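Please look over the sequence and the structure shown below. The questions that follow ask how certain descriptive terms are justified.

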Amino acid sequence: MSDLSALEASILNDIAAASDEAALEAVRVAALGKKGSVSAELAKLGAMSPDERKSYGAAVNTVRDRIAAALADRKAKLGDAALDAKLAAEAADVTLPLRPSALEAGRIHPVSQVTEEIAAIFADLGFSVAEGPDIEDDEHNFTALNFPVGHPAREMHDTFFLAPGANGERKVLRTHTSPVQIRTMRTKTPPHRVIIPGRTYRNDSDQTHTPMFHQVEGLVIDRGAHIGQLKWTLIEFLKAFFEVPEVEMRMRPSFFPFTEPSIEVDIRCDRSGPEIRIGEGKDWMEILGCGMVHPNVLRNCGLDPDEWQGFAWGMGIDRLAMLKYGMPDLRAFFDADVRWIEHYGFRPLDLPTLIGGLSS
Ligand code: DAH
């Protein structure tokens, strides 16, 4: 084999072996570049006789053309392969189902949802929302609400006390939302129509009690507010909340230091089936405490009981949620078990409104 044929064979071999476009370019430069091996053969022509030059020149040119053709061919193949690989890597299977958005994956806790439902109902009746601190002083949680110092009603609340401060005062985790009644009456001018949702704390734990739970308080203060308005307000609320056309209510005398008279409210329900049905049946279920605001409480807030009267009520939000949505164990509310929230939770954009439906 002549040197020229050996050179051609070796270059064609390198071309075939080039695995990508950069390697192929290196082969091209090594062969056909200014200092390439084929160019070196052409440079030899200057030293040859005219006859030799003619035949050797033709031979080198043929080799150069075949190499150029082989380079072009290999380059096209490598380009196709690179494109194929890119297309394969970036392929999108348009038949796959859509990934659920983060909005679909999240869930609203039933306590938050039910609080929103309650706020929506009372907003429609002209109530605004008031709030107060979870860590309360004895004055707001008890004294101003007409719990006399040393009165056993303070014991009934299973209070969590904090360590005494520098002045010896022991703060408490509020045992009910009623202290915000005091805060509202002392800082705003009457008339008042507020609801007060929030966290409350008592040292108690079983299937229907947790150390932290949620209450919503209602307070109306106005000239001539009376018990008939209280009854109407509660019935309208219960019908809207349980989404039933009628709710039958029973008012029983009770005792709370901050109301006179004090009343416990039961609603008619049916416990004969697997789940409790509200508004029908032969059974009664206690649902809330209420009453007319005690004159001492009004006086403690600087209001003259001969001019201003009021009514108030308090109920457990968690308990209302359990009843409405059939959740049997209160403790599960606060276990942070993602399976529970996926089952009982609400979709983020299903905001409860009276027009759109509370729970639909
Ligand atoms: N604060 C009471 C409790 O936690 C509930 C309550 C009863 C609130 C009667 C009221 C009311 O506003 O009038 O047991």
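**Reasoning from values to terms**

Q: In this predicted model, what makes the packing of H2 and H4 roughly antiparallel?
A: Helix H2 (residues 21-32) and helix H4 (residues 50-89) pack with their axes 10 Å apart and at an angle of about 170°. Angles over 145 degrees count as roughly antiparallel, and H2 and H4 are therefore described in that way.

Q: Which residues of H2 and H4 meet?
A: Glu21, Leu24, Arg28 and Leu32 are the residues from H2. In H4 they meet Arg64, Ile67, Ala68, Leu71, Arg74, Lys75, Leu78, Gly79 and Ala82. By class, this contact of H2 with H4 comprises seven nonpolar, one polar and five charged residues.

Q: Why is H10 called oblique to H12?
A: The axes of helix H10 (residues 227-242) and helix H12 (residues 317-325) cross at roughly 50° and come within 11 Å. Roughly parallel requires an angle under 35 degrees, and roughly perpendicular one of 65 to 115. The crossing angle of roughly 50° fits neither range, so H10 is oblique to H12.

Q: Which residues make the contact of H10 with H12?
A: H10 contributes Phe237, Phe241 and Phe242, while H12 contributes Leu320, Leu323 and Lys324. Five of these residues are nonpolar, none is polar and one is charged.

Q: How do you know that H12 is largely enclosed by the rest of the structure?
A: Seven of the nine residues of H12 are buried, and H12 is therefore largely enclosed. The buried residues are Ile317, Asp318, Leu320, Ala321, Met322, Leu323 and Lys324. Their cover includes H6, strand S4 (192-201), S5, H10, S9 and S10.

Q: Which residues touch the most other members of the largest nonpolar core?
A: They are Ile118, Phe237, Phe242, Ile267, Ile287 and Trp313, in a core of 44 residues. Among the elements that give two or more residues to this core are helix H6 (110-124), H10, H12 and helix H13 (338-344). Phe237 touches Ile118, Ile121, Phe122, Met315 and Leu320, leaving out residues up to four places away in sequence.

Q: Why is Thr175 called buried?
A: The relative accessible area of Thr175 is 0%. Buried means under 20%, so Thr175 is buried. Thr175 is found in the loop between strand S3 (172-173) and helix H9 (179-187). Apart from neighbours within four places in sequence, Thr175 is in contact with Asn141, Phe142, His157, Thr159, Thr200, Tyr201, Arg202 and Phe213.

Q: What makes Glu243 partly exposed?
A: Glu243 has a relative accessible area of 40%. Buried means under 20% and exposed means over 50%; the value of 40% lies in between, so Glu243 is partly exposed. Glu243 lies in the loop between H10 and strand S6 (249-254).

Q: What is notable about phi in Glu243?
A: Most residues other than glycine have a negative phi. Glu243 is not a glycine, yet has a positive phi of about 55°. Asn146, in the loop between helix H7 (138-141) and helix H8 (152-156), also has a positive phi, near 75°.

Q: Which peptide bond is cis, with omega near 5°?
A: The bond from Pro190 to Pro191 is cis, with that omega. Pro191 is placed in the loop between H9 and S4. A cis peptide bond also joins Glu260 and Pro261, with omega about -5°, and Pro261 is in strand S7.

Note on methods:
Residues numbered from 1 in each chain as written. Predicted model: local features only at pLDDT ≥ 70, side-chain atom pairs only at ≥ 80, totals over all residues. Heavy atoms only, no water. Axes fitted to C-alpha atoms, helices over the stretch in contact; angles between N-to-C directions. Helix = DSSP H or I, 4+ residues; strand = E, 2+ residues; numbered from the N terminus. Contact = heavy atoms within 4.5 Å. Nonpolar A, V, L, I, M, F, W, Y, C, P; charged D, E, K, R; others polar. Core = buried A, V, L, I, M, F, W, Y, C linked by side-chain atoms within 4.5 Å. Buried < 20%, exposed > 50% of the residue type's maximum accessible area, 1.4 Å probe, protein only.
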